[in-house]
Amino acid sequence: MAFNLEAFLKNLPNKPGVYRMLDVKEQVIYVGKAKNLKKRVSGYFRKNVDSSKTQLLVSKIVSVELTLTNTDNEALILENNLIKELKPRYNILMRDDKSYPYIVLSKHKQFPRLSAYRGVKRKEQSYFGPFPNVSAVKESLYLLQKLFKIRSCTDSYFNHRTRPCLQYQIERCSAPCVNLISKADYAQDIDNASLFLKGKNKELIQHLQQKMHGESKKLNFEVAARLRDQISKLEHIQQQQHVMRDKGNFDIVVIEQQLEQVGIVLLNVTEGTLLGNKSYFPKAKQAQLAEVLYAFLTQHYLTADSIPLQILVNIEPVDKPWLDSALSEYSHHKVETLMPTRGEKKRWIELGKNNIQQALASYVQENLTQKKRWQVLQQTFTLKQPIERMECFDISHSHGEATVASCVVFDANGPMKAEYRRFNIKDVTPGDDYAALHQAISRRYNRLVKEEKQLPELVIIDGGKGQLKQAEQVFAELKISNVDLMSISKGPGRNPDYDILWHSGHGKAIHLESNSIVLHLIQQIRDEAHRFAITGHKLQRGKKRQHSVLEDIEGVGAKRRRDLLKTFGGLQGLQTASIEQIANVKGIGNVLALKIHQHIH
């Protein structure tokens with residue numbers, strides 16, 4: 001190191017603060033906080049550090065800078081601000097700089113509008129949110145227009161209207177621009193919409209019911225009918241939304257890991273109603289889940305406009321008491337991170353797990369390298385040897401016509417199209433897929449064995465247990481024992497989520513989850529084999545259907561075929577002709593006529 005480490009460690013203060021570790025380029029590579037800087041920073045330079053991540057970090061450090069703080073919580077907040085500003089290489093970064101969207105109520109004195117908003121807040125306007133994503137904002141605005149007919153147009157558009165717009169015609173606006181609704185009634189709609197946005201649906205429905213009964217007693221049946229329709233729509237929306245008995249405003253933060261990728265989902269709950277969710281996929285190699293969760297909670301909430309009273313989590317973050325204290329101080333009310341083990345809140349956690357597991361599976365599937373997928377496949381089925389090459393077979397025909405088998409080849413880099421092969425199947429009963437598959441596999445591996453070429457580690461068959469049996473028979477005949485065999489068949493209703501796998505050595509069918517990386521990999525290879533087989537079948541079928549039976553008769557060339565078809569008006573007419581009639585065609589004669597008649601019959 002460029003500075004005197006021994007002297008530096010000796011003079012570290014026993015006080016709270018933040019430390020910044022710099023590399024040879026004087027760039028900050030890590031920011032941390034501590035209640036006691038001497039204990040925390042000294043811990044990095046012990047001889048028996050177990051963490052490989054810490055060992056790598058220390059090897060890059062050339063200097064350390066300190067900032068002392070008055071309190072522990074100040075240190076935590078400063079650490080969060082520095083991480084967001086400097087984005088150090090070895091800190092866990094959420095990498096999401098977007099502000100959350102809100103619904104804003106404009107400052108228009110008479111007829112305010114509701115619209116989506118993202119950015120710096122202004123004191124003179126009312127904000128509802130934050131919402132987890134723009135889709136949740138759009139859905140809420142759509143419901144508000146249907147329920148309360150609040151205007152959504154800009155003030156400049158509103159001020160220049162002389163007649164109602166299309167929104168009024170489709171019953172999404174009450175047309176305050178041309179005074180088709182009174183200021184008092186519009187203000188009431190705004191109040192009702194505010195109650196809806198605050199999640200107070202039950203209170204809103206009770207209020208509307210009281211008003212409906214009052215209007216009925218006054219014989220204002222038209223107004224009462226409008227209120228009745230609003231109540232009906234609200235009750236329908238309540239049934240559609242995910243509502244728990246456990247009312248309140250809280251967030252759910254669930255963290256999960258698949259392979260080396262960590263995923264976090266945040267769900268917002270207001271008055272027991274789920275408003276939406278957002279998923280995050282931080283880069284956090286070699287970090288513990290509790291550390292990643294802590295990083296997310298600090299980076300997300302210590303710059304938020306509001307923090308709920310409770311944050312439900314599925315694991316306990318590191319430094320939980322310190323974190324709760326800092327969040328409480330920042331928000332000016334008590335904040336608690338809870339890990340529920342039973343009841344309604346536990347069910348919210350389960351909902352979060354379902355969301356992040358699905359999102360994480362999709363993210364991993366999109367970003368996982370082909371080599372890593374193959375490793376997962378090998379681990380899942382305990383294959384005989386590491387996979388370097390896979391081949392997949394499929395059969396295609398039209399009711400037994402022009403049967404073609406395909407063989408596609410994949411290596412760790414993807415499809416090897418130069419090695420794809422097709423087999424035109426002959427001398428089998430039309431429609432007998434087992435015999436066709438047996439012939440194709442036999443021809444393929446007879447040749448590879450004879451030419452001493454590379455065999456695949458895994459062979460996949462498009463089909464069920466019967467097709468797999470054909471492959472097993474061929475490999476037994478050829479005495480090939482070091483190749484794994486699998487087949488994949490369509491599930492009920494041909495739904496790919498329920499595809500069934502068979503593996504030689506396993507007597508029972510194997511069912512994988514619909515979001516399984518292994519299932520998606522095998523389906524990808526199977527679909528490519530299917531595509532290649534269908535393409536070959538169509539080409540073969542097209543050639544066959546363009547082929548004339550007369551071409552197979554020796555002595556009947558192009559000129560004689562043309563004369564025969566011209567004389568009898570086509571092949572159908574020729575089939576009904578007698579030998580004598582055929583012999584009368586110029587250039588045919590009795591001998592050739594007999595041969596033609598026998599061939600076409």
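User: What makes the span of helix 8 agree with the span it should have at 1.5 Å a residue?

Analyst: This is a predicted model, by the way. Helix 8 covers residues 183-197, and at 1.5 Å a residue its 15 residues should span 21 Å. The end C-alpha atoms are 21 Å apart, so the two values agree.

User: Which residues of helix 8 are buried?

Analyst: Among them are Tyr186, Ile190, Leu195, Phe196 and Leu197. Asp189, Asn192, Ala193 and Ser194 are on that list too.

User: What about helix 12, how many residues has it and how far does it reach?

Analyst: Helix 12 (residues 320-331) has 12 residues and reaches 16 Å from first C-alpha to last, close to the 16 Å expected. Right after helix 12 comes His332, with a positive phi near 65°.

User: Which elements do the buried residues of helix 12 pack against?

Analyst: Those buried residues include Trp322, Leu323, Ala326 and Leu327. They pack against strand 2 (28-34), helix 4 (72-86), helix 11 (289-301), strand 10 (310-313) and strand 11 (336-338).

User: How many residues has the largest nonpolar core, and which have the most contacts inside it?

Analyst: That core has 32 residues, and Val253, Leu297, Tyr301, Ile311 and Leu327 have the most contacts inside it. Helix 4, strand 7 (250-258), strand 8 (261-270), helix 11, strand 10 and helix 12 each give two or more residues to this core. Helix 11 supplies the largest share, 7 residues.

User: Which residues is Ile311 in contact with, leaving aside its neighbours within four places in sequence?

Analyst: Ile311 is in contact with Asp251, Val253, Leu297, Tyr301, Leu327, Val335, Glu336, Thr337 and Leu338. Apart from this core lies another one, of 25 residues, among them Val408, Phe410, Ile488 and Ile510.

User: Now the sheets. Why are strand 2 and strand 3 said to stand at the edges?

Analyst: Start with the order: 3 strands form an open sheet, 2-1-3, with antiparallel pairing. Strand 2 and strand 3 each have a single partner strand, so one side of each has no neighbour in the sheet. On average, neighbouring strands here are turned by 20° against each other, direction ignored.

User: What makes strand 1 and strand 2 count as a pair?

Analyst: You need at least two bridges for a pair, and 6 bridges join strand 1 to strand 2, which run antiparallel. Arg20 stands opposite Val31 in strand 2. Helix 4 lies across strand 1, strand 2 and strand 3, and runs at about 165° to strand 2.

User: What about the sheet with the order 5-4-6, which of its strands stand at the edges?

Analyst: That one is open too, with 3 strands and antiparallel pairing. Strand 5 (114-117) and strand 6 (126-128) each have a single partner strand, so one side of each is left without a neighbour in the sheet. The twist averages 35° from one strand to the next. Strand 4 (residues 102-105) pairs with strand 6 over 3 bridges in the antiparallel sense, and Ile103 stands opposite Phe128 in strand 6. Helix 5 (residues 134-148) lies across strand 4 and strand 5, at about 180° to strand 5.

User: How do you know that Glu65 and Arg20 meet in a salt bridge?

Analyst: The cut-off is within 4 Å, and the N to O distance for Glu65 and Arg20 is 3.3 Å. The pair links distant parts of the chain, as Glu65 in strand 3 (residues 63-68) and Arg20 in strand 1 (residues 17-22) are 45 residues apart.

User: Why is Arg20 called buried?

Analyst: Buried means under 20% relative accessible area. Arg20 has 13% relative accessibility, so Arg20 counts as buried. Glu65, at 35%, counts as partly exposed.

User: What makes Arg447 exposed?

Analyst: Exposed means over 50%, and Arg447 has 53% relative accessibility, so Arg447 counts as exposed. The side chain of Arg447 meets that of Glu451 in a salt bridge of 3.0 Å, N to O. Glu451 is partly exposed at 37%.

User: Why are Arg531 and Glu528 separated by about one helical turn?

Analyst: They are 3 residues apart in helix 17 (residues 517-546), which means about one helical turn. The two form a salt bridge, with the closest N and O atoms 2.9 Å apart. Glu528 counts as buried at 15%, whereas Arg531 is partly exposed at 38%.

How values were computed
Residues numbered from 1 in each chain as written. Predicted model: local features only at pLDDT ≥ 70, side-chain atom pairs only at ≥ 80, totals over all residues. Heavy atoms only, no water. Helix = DSSP H or I, 4+ residues; strand = E, 2+ residues; numbered from the N terminus. Expected span 1.5 Å × (residues − 1). Buried < 20%, exposed > 50% of the residue type's maximum accessible area, 1.4 Å probe, protein only. Contact = heavy atoms within 4.5 Å. Core = buried A, V, L, I, M, F, W, Y, C linked by side-chain atoms within 4.5 Å. Axes fitted to C-alpha atoms, helices over the stretch in contact; angles between N-to-C directions.
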